[in-house]
Amino acid sequence: MSLVPIRWVSQQECASREEDTAGTPPDASADVTHDVTSDVTQPAVKLALLDQRLLPGETREVLLEDARGVATAITDMVVRGAPAIGIAAAYGVALEAFVINREGGDWQSRLASACDVLAASRPTAVNLFWALDRMRKVIAAHATRSQAPYEALLKEAVRIHEQDLDDNLRMAEFGAQVIAASLAQGETRCEVMTHCNTGALATGGHGTALGVIRTAYAQGILGRVHVNETRPWWQGSRLTAWELVQEKIPARLAVEGAASLIMQQGAQTPEGVRWLIVGADRIAANGDTANKIGTFSLAVQARAHGIKVMVVAPLATFDGTLASGADIPIETRGADELREAGGRQIAPQDIDVFNPVFDVTPHEYIDAIVTEHGVVESPDSDSVGALLGRAMRR
Ligand code: MRU
């Protein structure tokens, strides 16, 4: 089953859906790439996001009509995952251009404030700012036009979307090669652990860390995936487990607190856990990596058990302006994410709550960063700088 987390909806489809304002299940058989490109030549008026807050119980799309709606959907986690946030924001700018051209007015200042609203939706994933920079360049290139460059903006959003899927597939091949090369003599496959959701739901398609896992499984070198529940939002149990079950990839769910036990047992077992494989929301120039809260502690545990750590992220996730992870902004979210679960109170209403949703793993704990431009082993400022330099020259 293909997942369609982000879908551009044509005017024609919008018209036929008007009677069904509550939303209908997405067309799960549709191919993401085909879906976004086929409508480029037509005027389109809505962005459909698969509501990730409802998964796995319900598959329902949220239809959005302007940039402000997309920004709210990002803040509220209808769509989440660094690359997916960037893609959704890019479509949000195109959506706004369409609205502006229908309504009239000063398109340049309205589009500029739409970009600002989208940029304020979540702070940590740099893919959001990277995608908005690309959209701002398109806006600047059409500055003399009397109307907002809607077609050019939609084309750029589609390019960002398609490029992410392409990058995912490249990273998956590189990551699978790294796993294959790490197998001990006589070992034909191994198990891995992953954290959060880095799959089709979080990206333009295949996934980053989960993309490597998918490809490694298809190549027969992966035995089983240990999925961390990922408190407090349960991206692991609700989303990653859902994707893996649908693809029939052997997987086992556990709380993060079980990670050391699983690693301890797996490190001593033939074909046991060999890799912790995660995505990233922002990677500093020295390789320090911000990712879902808990990743740092898992990396420390992995080091203690002789298990290697792989970060899988496209270049869009690198922030070369930050020398180290110390300057990466860490999002903290509302107390109710900890005080409540499934609408039920699970902690005293008056308890003070700290809910940071990302942490930074120092580069010393990372064995490999896998990008679409190749793999950086034992990342540091020199090796990350060399990778970014090579990629810029291409
Ligand atoms: O809060 P989320 O669900 O947006 O956090 C997502 C993650 O931390 C992912 O690991 C990261 O974005 C990489 S996704 C390909």
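This is a short tour of a predicted model, with a suggestion at each stop for what to select.

**Stop 1: the two domains**

Start by colouring residues 6-163 and 166-393 separately, since the protein chain is divided into domain 1 (6-163) and domain 2 (166-393). Their centres, taken over C-alpha atoms, are separated by 27 Å.

**Stop 2: where the domains touch**

Now look at the boundary. How many residues of domain 1 are in contact with domain 2? There are 22 of them, and they meet 27 residues of domain 2. On the domain 1 side, select α4, α6 (126-141) and α7 (150-182): these are the elements that give two or more residues to the side touching domain 2. Which of them gives the most? That would be α4, with 5 residues. Colour this side of domain 1 by class and you'll get 12 nonpolar, 7 polar and 3 charged residues.

**Stop 3: the nonpolar core**

Keep α4 in view and head inside. The largest nonpolar core has 117 residues, and L49, V70, A88, A89, Y91, V93 and A94 touch the most other members. The largest share of this core comes from α4, which puts in 14 residues. Both domains take part: domain 1 (6-163) and domain 2 (166-393) each supply at least three residues to this core.

Pick A88 for a close-up. Leaving aside residues up to four places away in sequence, A88 touches I6, L49, V70, I74 and V79. Show those five as sticks and turn the view around them.

**Stop 4: around the ligand**

Next, select the ligand and the 17 residues around it. Which ones come nearest? Label R80, A82, A202, G279 and K292. Here α4 turns up again: α4 (82-103) and β9 (289-292) each supply at least two residues of the shell around the ligand. This shell, too, draws on both domains, with at least three residues from domain 1 (6-163) and at least three from domain 2 (166-393). Sorted by class, the shell has 7 nonpolar, 7 polar and 3 charged residues.

**Stop 5: an open sheet**

Follow β9 away from the ligand shell and into its sheet. Four strands make up this open sheet, in the order β11-β8-β9-β14, and the pairing is mixed. What sits at the edges? Select β11 (318-319) and β14 (358-361), the edge strands, each of which pairs on one side only.

Finish at one end of the sheet. Strand β8 (residues 282-284) runs parallel to β11, and 2 bridges join them. To see one partnership, click A284 and then D319, its bridge partner in β11.

Terms used: Residues numbered from 1 in each chain as written. Predicted model: local features only at pLDDT ≥ 70, side-chain atom pairs only at ≥ 80, totals over all residues. Near = placed C-beta within 6 Å. Nonpolar A, V, L, I, M, F, W, Y, C, P; charged D, E, K, R; others polar. Domains from an automatic or database assignment. Core = buried A, V, L, I, M, F, W, Y, C linked by C-beta atoms within 7 Å. Buried ≥ 20, exposed ≤ 12 C-beta atoms within 10 Å, placed from the backbone. Contact = placed C-beta atoms within 7 Å. Pairing = 2+ DSSP bridges.
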